[in-house]
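User: I am new to this structure and would like to understand the words used for it. Could you take me through the reasoning step by step?

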Amino acid sequence: MPTVDWAGWQSSTTYWTTNTTSLMWTPEYTTTGYTITGGNSYGSISITPNWSRSQPNEYIYQAPAQTVDEWRTLVRQSEDARRERQRERERQRLFNEIVEHDQAALQVRERARDRATETLLGLLNPDERAAYEQDGHLVVAGSAGGRYRIDPGYQQNVYELDEHGNRRAGGRLCAHPVMHDDVGALPREDAMVAQLLMLRYNEPGFLAIANRS
Amino acid sequence: MTETIVETPANVLKVLDHTGDSRLEWNPRNADEVAAAHAHFDTMKAKGYLAYKVAANNEAGELLRKFDPDAREIIMSPQMVGG
């Protein structure tokens with residue numbers, strides 16, 4: 001029994017009866033996907049004993065009702081499978097796009113952090129740089145005589161220090177630059193640069209803005 | 001007689017942004033470059049950016065309210081906000 005994808009046939013008079021199907025097709029029509037093989041001037045169709053040609057371009061296939069139902073099921077299954085394959089290809093394509101985009105975005109972020117770290121380190125003298133690389137935080141002398149510790153991060157990361165270098169009670173300060181420009185977020189090292197510069201050259205300005213906890 | 005040519009490193013304006021920072025260099029003896037740097041400085045100041053003149057090892061730095069064409073390095077940060 002041939003496998004037929006009825007959905008591909010262009011037919012103006014296709015009809016189903018319990019045992020008869022009539023197909024019509026035009027010369028432009030292709031038979032891709034069909035496994036009915038044979039040949040005539042318009043397409044491919046197997047001229048089996050069950051097919052009779054009623055008129056040019058019209059073939060009548062005498063099939064039992066069960067066969068017709070089976071063929072309908074085959075067509076539906078074939079179409080469902082085709083659509084699922086399409087959806088899967090689309091899902092895979094979107095997934096690949098997301099992965100590529102995330103990797104690219106990650107590289108951009110890493111480059112930004114490296115650049116900001118270079119700027120930050122360029123503001124430190126050798127002792128400060130050594131302390132930062134060892135301890136992971138900065139100690140800054142404020143322009144008005146205060147001393148501060150800047151921890152990695154951008155909010156609630158600045159601490160007032162006493163004369164012994166210890167954190168003062170109630171001396172946690174939060175002030176940071178606006179962390180987004182028109183394109184994206186600033187790396188946190190840029191926040192530390194901005195905090196260091198403001199404390200070093202405008203300590204009263206920093207204290208006037210910062211929230212204290 | 002051999003003439004030794006010493007190239008002076010360009011002055012640089014760094015604006016902190018999502019790339020880390022964007023940089024604009026200028027030669028203080030080149031009027032066009034100075035003008036371009038000055039214009040960019042003023043544009044960022046108008047947006048609320050803070051400017052600092054910095055030097056190696058944090059010596060002789062200061063808060064800048066006006067463009068200094070002789071500053072070796074200027075860093076501009078977005079305005080600060082309380083967190």
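Analyst: Happy to; what follows is a short round of questions about a predicted model.

User: Let's start with the rings. Why is the pair of Y201(A) and Y52(B) called tilted?

Analyst: A search of the whole structure finds three aromatic pairs over all chains. In the pair of Y201(A) and Y52(B), the ring centres are 6.1 Å apart and the planes stand at 35 degrees. Centres within 6.5 Å make a pair, and planes under 30 degrees apart would be stacked while those over 60 would be edge-to-face. The angle of 35 degrees fits neither of those, so the pair is tilted.

User: What makes it a pair that crosses between chains?

Analyst: Y201(A) belongs to helix α3 (residues 188–201) of chain A, whereas Y52(B) sits in strand β3 (residues 50–54) of chain B. Both Y201(A) and Y52(B) are buried, a word that stands for under 20% relative accessible area.

User: And why are W26(B) and F67(B) also called a tilted pair?

Analyst: Their ring centres lie 5.2 Å apart, which is within the 6.5 Å limit. Their planes meet at 55 degrees, a value between the 30 and 60 cut-offs, so this pair is tilted.

User: What does the pair of W26(B) and F67(B) tie together?

Analyst: W26(B) is in strand β2 (residues 20–26) of chain B, and F67(B) is in the loop between β4 (62–64) and β5 (73–77) of chain B, so the pair ties together parts that are 41 residues apart in sequence. Both W26(B) and F67(B) are buried. Ring pairs also link W26(B), F41(B) and F67(B) into a cluster.

User: Now to chain A. How do you know that β4(A) and β5(A) are paired strands?

Analyst: Pairing needs at least two bridges, and four bridges join β4(A) (residues 138–141) to β5(A) (residues 147–150). The two strands run antiparallel. For V139(A), the bridge partner in β5(A) is R149(A). The hairpin has five residues between the strands, and G145(A) in this hairpin takes a positive phi near 105 degrees.

User: Which residues of β4(A) are on its covered face, and which on its uncovered one?

Analyst: L138(A) and V140(A) form the covered face, V139(A) and A141(A) the uncovered one. Side chains in a regular strand alternate between the two faces of the sheet.

User: Last, what lines the largest pocket?

Analyst: The largest pocket, with a volume of about 270 Å³, is lined by 15 residues, and D181(A), D182(A), M44(B), K47(B) and Y49(B) lie nearest its centre. By class, the lining has seven nonpolar, four polar and four charged residues. β1(B) gives the most to this lining, with three residues.

Conventions
Residues numbered from 1 in each chain as written. Chains lettered and ligands numbered in written order. Predicted model: local features only at pLDDT ≥ 70, side-chain atom pairs only at ≥ 80, totals over all residues. Heavy atoms only, no water. Phe/Tyr/Trp six-rings, centres within 6.5 Å; stacked < 30°, edge-to-face > 60°. Buried < 20%, exposed > 50% of the residue type's maximum accessible area, 1.4 Å probe, protein only. 1 Å grid on protein atoms, 1.4 Å probe; cavity = no way out; pocket = protein on both sides within 12 Å on 5 of 7 lines; lining within 4 Å. Points joined across faces, edges and corners; volume = space filled by probe spheres on them. Nonpolar A, V, L, I, M, F, W, Y, C, P; charged D, E, K, R; others polar.
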